[in-house]
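Please load the coordinates and keep the selection tool at hand, since each stop on this tour asks for a new selection.

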Amino acid sequence: MTSLVYKSVGLPLDVMWSDIDFMDRNRVFTYDPVAYPPAEMAAFVDRLHEADMRWVPILDPGVVALPGFGPYERGLGDGSALPLNGSVFISDRTGKPYLGTVWSGPSHWVDWLHPRASEYWLAEIASWRADGAPAFDGLWIDMNEPSNFCTGDVCVLSPGFSWDAEATPHATAIWSCDGLTCSDPPTHDPLYDPPYAINNKGHKHLADRTVPPTAVHWGGVSHYNAHSLFSIGEAKATYEALLNITGKRPFVLSRATFPGQGRFSAHWSGDNAATWEGLRQSVAQIVNSNFWGLPLIGADICGFTGDSNEELCARWMSAGAFYPFARNHADKNTVRQEPYQWPSTLAASKRALSLRYQLTPYLYTCFFAVHAAGGTVARAPLAAFPGDARALAVSPSQWLLGDWLMVAPVMVAGASAVDVYFPQGTWFSAWEDARASGSAAGSAVSGPVPMLVPAPIEDVPVFVRAGGILPMAIGASLPTTAAAAAAPLSLLVALPPWGTVAGGGAAHGLPPAAPLHTLLYMQAASAAGGGIPKSDDGSAWWALAPQTYGGASGGGGSGGGASASLAPAPAVSAIGVGYFDDGDSMVVGGEGSTEVWWAANMTGSDGSGWLQAHAHGQPRTSVITWAPKVEQVTLMGVPPPQGRRLWRAELRVGKSMVTLEGTDAKYAPRAGAALGELTIDLRAVFFPGEPQAGVPPGELYLTWSLK
């Protein structure tokens with residue numbers, strides 16, 4: 001079993017996908033009784049669920065027009081189980097259900113404008129997933145442009161066509177327009193052949209290999225006017241069906257899309273090529289789709305058509321691990337391209353996916369922020385730095401994930417380094433081993449500046465922008481996102497150089513360089529009236545952190561002892577947001593979810609500073625019911641201590657203080673020793689009323705200073 005192979009080589013795996021091969025002669029809502037008997041499939045899916053994995057099968061929109069086939073008969077509307085006042089399928093110009101061909105043979109397409117289409121679709125999916133059947137966790141909707149193997153205004157069964165050849169289970173399916181005779185309109189029709197020509201595969205007419213523009217939807221709407229709405233109609237109906245059936249947050253993956261469809265489905269870019277150009281094109285597809293309201297987007301990693309190879313697949317796995325939606329998927333007739341097929345591909349995949357899974361809390365929060373306030377998860381550098389002309393030139397080759405991460409993979413054959421453009425700000429390598437090495441790949445970089453960054457075959461350059469606080473899952477080899485969601489947290493605090501925000505910050509005390517997306521989200525998500533949440537005295541919620549208990553001094557003084565007098569709302573050096581829920585709730589941000597905001601500041605030239613959290617349950621009046629513990633805080637960008645002085649951290653636990661020093665507050669030089677990292681280990685801390693070690697993320701009140 002593939003999942004066991006992944007586990008044996010140390011690769012994470014979340015989902016097993018099933019293409020149309022599991023169906024009986026490629027007919028929707030069926031299982032091949034020979035190769036995929038439903039009872040055995042159900043047991044297989046149960047084993048996946050026991051391992052915290054999921055199963056997502058494919059579902060095409062074409063319903064085979066086979067007399068006696070349940071979904072076909074019910075779609076025609078026989079007046080009993082589902083009285084539809086006529087067929088639920090799209091009609092041709094003669095008023096009969098439009099007939100075309102897909103993998104299952106002569107078929108009809110559901111008319112998503114029909115008032116009962118969603119009801120029909122729900123009934124069929126519910127019957128397909130009834131008790132005892134495989135309990136799929138989401139649906140992968142394909143061929144929904146809609147794709148059609150025939151071209152013509154009206155198609156009919158050819159004389160002599162018989163379903164007898166397809167009567168035996170597990171028989172070979174029809175893969176062409178054989179069996180249908182299609183004709184063009186009897187007279188010139190401007191819908192079928194408009195007075196202008198678009199570049200449709202060489203200026204072919206609009207009916208080429210799809211439902212023709214002369215077909216008719218409910219209410220007399222021509223397919224010419226409804227064609228682009230087909231995919232969003234199917235996505236919406238599928239989303240609502242899954243919501244009704246499972247009672248959980250739906251997952252739908254769609255090939256075709258329409259702006260705004262991201263509300264209902266994820267998207268993958270379709271049948272791409274296993275070429276270096278295919279890898280490069282995927283970046284533009286991902287950032288563009290984010291602008292169109294499709295944040296959960298990816299491309300088939302290592303390519304779908306044609307044979308991939310070891311170097312290409314290694315580089316593509318490294319890049320694809322940081323797509324918003326990451327899936328390796330290929331045509332079954334190509335060479336096997338699972339990441340364990342080649343040694344360097346396996347090494348690259350393990351490294352990239354390890355970081356991807358550690359970043360699960362950060363990425364989950366990015367998606368929540370887009371859900372709550374709009375914006376993008378993946379964006380081109382130009383979108384984040386619109387005034388930087390050089391950011392335009394690199395936008396097809398590197399991208400940002402959220403506000404704080406930048407990915408710059410190798411996308412050229414034979415390369416061992418990549419030209420990276422670092423926009424304004426300070427940038428750290430996201431790889432701890434690279435930072436520890438003191439090499440050029442791990443050095444802190446002050447932008448704007450271009451730089452050639454080494455990138456051996458098993459590596460991918462990923463950078464953290466100073467000013468951010470990233471929640472990360474602790475674990476070198478997390479097998480699933482469920483494991484990542486349950487893992488304790490490490491906060492990666494990327495501090496800009498001391499003095500960057502000295503003298504106060506922007507509005508609400510935020511860093512002047514705080515990314516627009518974070519600002520907009522924090523303002524949109526705040527309690528009544530907008531703006532950043534306030535402390536009891538009406539000041540910014542982090543304002544009292546250094547004053548309430550000892551620690552770092554204000555201004556530019558050294559750490560230790562009592563705080564100096566601070567302004568009511570001191571500037572902060574770094575900010576971050578973490579959103580946590582069970583992953584299944586029907587209402588994102590609903591009861592039981594938790595949101596945590598963090599702020600940190602380097603208050604002294606010696607690197608001393610403070611970190612404070614503000615947490616609240618959702619909705620905002622409810623109590624906090626769930627969030628993982630914070631076991632570690634890593635402060636990047638801390639200058640090395642002078643002499644032999646040691647670091648000391650102080651954590652407020654209830655009404656008392658806990659001092660952490662020695663191995664619990666350990667400094668290590670990084671980035672060529674010019675800067676370093678202070679790692680504060682919280683595993684020895686037991687918070688009042690909590691049975692396990694670590695600190696609830698909303699109870700983090702921490703200072704650090706030199707002894």
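How many salt bridges does the structure hold? In this model, which is predicted, the structure holds 21 salt bridges, and the tour begins with a few of them.

Begin by selecting Arg54 and Asp14, which form a salt bridge whose closest N and O atoms are 3.9 Å apart. The two residues are 40 apart in the chain, and the pair links distant parts of it: Arg54 belongs to strand β2 (residues 54-59), while Asp14 sits in the loop between α1 (2-8) and β1 (15-18). If the surface is displayed, Arg54 can be seen to be partly exposed, with a relative accessible area of 34%, whereas Asp14, at 11% relative accessibility, counts as buried.

Next, select Asp142 together with Arg255, another salt bridge, in which the closest N and O atoms are 3.3 Å apart. This pair, too, links distant parts of the chain, 113 residues apart, with Asp142 in the loop between β6 (139-141) and β7 (154-157) and Arg255 in the loop between β9 (252-254) and β10 (266-268). Asp142 counts as buried at 9% relative accessibility, and Arg255 counts as buried at 16%. Keep both residues selected and add Glu145 and Asp271, for Asp142, Glu145, Arg255 and Asp271 are linked in a network of salt bridges.

Move on to Glu338 and Arg336, whose side chains meet in a salt bridge with an N to O distance of 2.5 Å. Is Glu338 buried or exposed? Glu338 is buried, with a relative accessible area of 14%, while Arg336 is partly exposed at 49%.

From here, turn to helix α9 (residues 343-358) and pick out Thr345, which lies in it. The helix has 16 residues and reaches 23 Å from its first C-alpha to its last, close to the 22 Å expected at 1.5 Å a residue. Of its 16 residues, 13 are buried, so α9 is largely enclosed by the rest of the structure. Thr345 itself is buried, with a relative accessible area of 0%. Which residues surround it, once its neighbours within four places in sequence are left aside? Thr345 is then in contact with Glu310, Cys313, Ala314, Met317 and Pro339, and the side chain of Thr345 reaches the backbone oxygen of Glu310 at 2.9 Å.

The next selection is helix α10 (residues 360-373), which lies across β20 and β21 and runs at about 120° to β20. Following those strands leads into an open sheet of 5 strands, ordered β20-β21-β25-β29-β28, with mixed pairing. Its edge strands are β20 (469-473) and β28 (665-670), each of which pairs on one side only. On average, and with direction ignored, neighbouring strands of this sheet are turned by 20° against each other.

To finish, isolate strand β21 (residues 489-494) and strand β25 (residues 630-638), which pair in the parallel sense over 6 bridges. A single pair of residues serves to locate the register in the viewer: select Leu491 and look across to β25, where its bridge partner is Val633.

Definitions and conventions:
Residues numbered from 1 in each chain as written. Predicted model: local features only at pLDDT ≥ 70, side-chain atom pairs only at ≥ 80, totals over all residues. Heavy atoms only, no water. Salt bridge = Lys/Arg side-chain N within 4 Å of Asp/Glu carboxyl O. Helix = DSSP H or I, 4+ residues; strand = E, 2+ residues; numbered from the N terminus. Buried < 20%, exposed > 50% of the residue type's maximum accessible area, 1.4 Å probe, protein only. Polar contact = N/O pair within 3.5 Å; in protein donor to acceptor, adjacent residues only side chain to side chain. Contact = heavy atoms within 4.5 Å. Pairing = 2+ DSSP bridges. Axes fitted to C-alpha atoms, helices over the stretch in contact; angles between N-to-C directions. Expected span 1.5 Å × (residues − 1).
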